[in-house]
Amino acid sequence: MNAPTDISMKTDDVLTVELEVFRRQHRDLDEAIHALVDKGTADQLTVRRLKKQKLRLKDLISLIEDRLTPDIIA
């Protein structure tokens, strides 16, 4: 999760690839959180840390999607 958040210098192709990677990581974190909670083996600190990481990824995904989606004024 040490990816630079400065997306202004990246091409759309690079951002598209990164977007897919971040979406996959987001899904993986979601599955991991559910597995830990369902098993009942996770402590609250671990779950909280994973949820915070998932939220950072969600914000980064939104940022990239905004950059890749053209502004169309109707």
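Here is a short walk through this predicted model, one selection at a time.

**Stop 1: the two helices.** Start by colouring helix 1 (12–39) and helix 2 (44–68). How do they sit against each other? Their axes are 9 Å apart and the packing angle is about 155 degrees. Angles over 145 degrees count as roughly antiparallel, so that is the label for helix 1 and helix 2. Turn the view until one helix lies over the other, and you are looking at a left-handed crossing. Now select the residues where helix 1 and helix 2 touch: 14 are nonpolar, 5 polar and 9 charged.

**Stop 2: the core.** Next, select Ile-7, Leu-15, Leu-19, Phe-22, Leu-29, Ile-33, Val-47, Leu-50, Leu-57, Leu-60, Ile-61 and Ile-64, and show their side chains. These 12 residues are the largest nonpolar core. Helix 1 and helix 2 each give two or more residues to this core, and helix 2 has the largest share, with 6. As a general point, nonpolar side chains in soluble globular proteins tend to be buried together.

**Stop 3: Ile-7.** Stay with one member of that core, Ile-7, and look for partners beyond four places in sequence. Which residues does Ile-7 contact there? You should find Leu-15, Leu-63, Ile-64 and Arg-67.

**Stop 4: Arg-56.** Finish back on helix 2, where you can pick out Arg-56. Its relative accessible area is 44%, so Arg-56 is partly exposed. Then add Gln-25 to the selection: 31 residues separate Arg-56 and Gln-25 in sequence, while their C-alpha atoms are 11 Å apart in space.

How values were computed:
Residues numbered from 1 in each chain as written. Predicted model: local features only at pLDDT ≥ 70, side-chain atom pairs only at ≥ 80, totals over all residues. Heavy atoms only, no water. Core = buried A, V, L, I, M, F, W, Y, C linked by side-chain atoms within 4.5 Å. Buried < 20%, exposed > 50% of the residue type's maximum accessible area, 1.4 Å probe, protein only. Helix = DSSP H or I, 4+ residues; strand = E, 2+ residues; numbered from the N terminus. Contact = heavy atoms within 4.5 Å. Axes fitted to C-alpha atoms, helices over the stretch in contact; angles between N-to-C directions. Parallel < 35°, antiparallel > 145°, perpendicular 65-115°, else oblique. Left-handed = near helix turned anticlockwise from the far one by under 90°. Nonpolar A, V, L, I, M, F, W, Y, C, P; charged D, E, K, R; others polar.
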